[in-house]
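The following exercises treat a single protein chain. Each task is followed by a solution that proceeds step by step.

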Amino acid sequence: MERNNLAFYDQQAVQWWSETATIFPLSKLNPLRFEYFDRFIPNWQGLKVLDVGCGGGYTCEFLAQRGARVTGMDPSAACIEVAKSHAEEMGLTIDYHVGLGETLPFEDDSFDVVVCVDVLEHVQSVAATVTEISRVMQPGGLFCFDTINRTWQSRWLMIWLLEDVLRQIPRGIHDWHQFVPPKELHQQLVHAGFSQVTLQGFDLFGRTPLAQISNLIHFLKTGGFQVQFDNNTEVMYIGTAQIS
């Protein structure tokens with residue numbers, strides 16, 4: 001089986017905004033993520049924000065509705081076309097581009113904030129992506145991200161259970177070898193010129209078998225997630241870093 005199969009996103013593009021789409025549960029994560037990011041940026045009004053790996057535009061529209069001046073970029077041309085069309089339908093002004101995280105198609109010092117969620121575990125080079133993100137950020141700007149750690153717990157939960165058994169995530173979408181250990185990401189951030197790095201566990205699934213069953217039942221009943229931020233980064237984690 002092909003791992004890190006990003007063709008899934010092209011296949012999902014047409015139905016991206018349909019509530020019955022396989023991808024649609026990702027739209028429910030933004031309010032949860034921004035519970036964390038809002039600690040560092042309580043007011044997004046007027047900020048120039050880049051969303052790296054924006055897909056069909058869930059996070060871009062979430063931020064545009066909060067008053068940010070949003071640019072979205074994704075390698076999937078099909079997703080970008082859908083994102084443009086949906087933003088127009090919603091009356092939102094969002095600047096969309098096709099591109100790769102490793103070679104961002106933007107000038108130096110272009111953005112106050114860069115957001116990169118559900119993405120670092122899919123890029124070909126985390127180091128190159130982080131370096132490019134630092135390049136396009138204005139001094140003092142904030143990088144907001146989340147990703148998946150490379151542990152036996154993440155292999156068991158994200159791949160074996162959610163992909164192979166429960167089929168809640170499309171099989172092949174993740175490659176465990178591309179998951180990103182927090183220590184490794186921290187080193188790459190510092191090397192790219194970031195400081196004041198924060199990292200916390202981003203728990204959507206529960207830390208015990210009983211909690212995992214409870215959270216799964218909640219998701220199946222409501223289509224929504226429950227979140228907990230803690231010091232356990234064994235599966236998913238969330239963080240920020242400031243460019244010097």
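**Exercise 1. A surface patch**

Which residues make the nonpolar surface patch of about 550 Å²?

Solution. The model is a predicted one. Step 1: the patch is made by Trp-152, Trp-156, Trp-160, Val-165 and Leu-166. Step 2: place one of these residues in the chain. Leu-166 is found in the loop between α6 (152-165) and α7 (182-191). Step 3: classify this residue. With a relative accessible area of 33%, Leu-166 is partly exposed, because the class lies between the limits of 20% and 50%. The value of 33% for Leu-166 also satisfies the requirement of over 30% for patch residues.

**Exercise 2. The sheet**

State the strand order of the open sheet, its edge strands and its average twist.

Solution. Step 1: the sheet has 8 strands in the order β3-β2-β1-β4-β5-β8-β6-β7, and its pairing is mixed. Step 2: the edge strands are β3 and β7 (228-230), each of which pairs on one side only. Step 3: from one strand to the next, the twist averages 20°. As general background, strands of a sheet pair through backbone hydrogen bonds, either parallel or antiparallel.

**Exercise 3. The neighbours of β1 and β2**

Determine how strands β1 and β2 are joined to their neighbours, and give bridge partners for each pairing.

Solution. Step 1: consider the pair β1 (residues 48-52) and β2 (residues 69-74). These strands run parallel and are joined by 5 bridges. The bridge partner of Val-49 in β2 is Val-70, and that of Val-52 is Met-73.

Step 2: consider β1 and β4. They run parallel, with 3 bridges between them. In β4, Asp-51 has Val-115 as its bridge partner.

Step 3: consider β2 and β3 (residues 94-98). Here 5 bridges join strands that run parallel. In β3, Gly-72 is partnered by Tyr-96, and Asp-74 by Val-98.

Step 4: identify the connecting helices. β1, helix α3 (residues 58-64) and β2 form a right-handed β-α-β unit. A right-handed β-α-β unit is likewise made by β2, helix α4 (residues 77-90) and β3.

Step 5: assess the cover. In β1, 4 of the 5 residues are buried; in β2, 5 of the 6 residues are buried. Both β1 and β2 are thus mostly covered.

**Exercise 4. Positive phi values**

Where do Asp-118 and Gln-196 lie, and is each buried, partly exposed or exposed?

Solution. Step 1: recall the general expectation. Most residues other than glycine have a negative phi.

Step 2: examine Asp-118. Its phi is near 60°, a positive value in a residue other than glycine. Asp-118 is found in the loop between β4 (111-117) and α5 (126-136). With a relative accessibility of 22%, Asp-118 counts as partly exposed, because the buried class requires a value under 20%.

Step 3: examine Gln-196. This residue is not a glycine, yet has a positive phi of about 50°. Gln-196 lies in strand β6 (residues 194-203). Its relative accessibility is 59%, so Gln-196 counts as exposed; the threshold for that class is over 50%.

**Exercise 5. A pair distant in sequence**

What distance separates the C-alpha atoms of Phe-34 and Cys-144, and is Phe-34 buried or exposed?

Solution. Step 1: locate the residue. Phe-34 is found in helix α2 (residues 30-37). Step 2: state the separations. Phe-34 and Cys-144 are 110 residues apart along the chain, and their C-alpha atoms are separated by 9.4 Å. Step 3: classify Phe-34. Its relative accessible area is 1%, so Phe-34 is buried, the limit for this class being under 20%.

Definitions and conventions
Residues are numbered from 1 along each chain as its sequence is written. This is a predicted model: local features need pLDDT of at least 70, side-chain atom pairs count only at pLDDT 80 or more; totals for chains, interfaces and linings use all residues. Side-chain values use heavy atoms; hydrogens and water are left out. Buried means under 20% relative accessible area, exposed over 50%, partly exposed in between (1.4 Å probe, protein chains only). Helices (H or I, at least four residues) and strands (E, at least two) are DSSP runs, numbered from the N terminus. Two strands pair if DSSP finds at least two bridges between them. A crossover is right-handed if, with the strands pointing away from the viewer, the path from the first strand over the helix to the second runs clockwise. Patches are made of residues with over 30% relative accessible area and no salt bridge: like charges are joined within 9 Å, nonpolar side chains (Val, Leu, Ile, Met, Phe, Trp, Tyr) within 5 Å. Accessible areas come from the Shrake-Rupley method with a 1.4 Å probe; for residues, only the protein chains shown count as cover. A salt bridge is a side-chain nitrogen of Lys or Arg within 4 Å of a carboxyl oxygen of Asp or Glu. Axes are lines fitted to C-alpha atoms, for helices over the stretch in contact, and angles run from 0 to 180 degrees between N-to-C directions.
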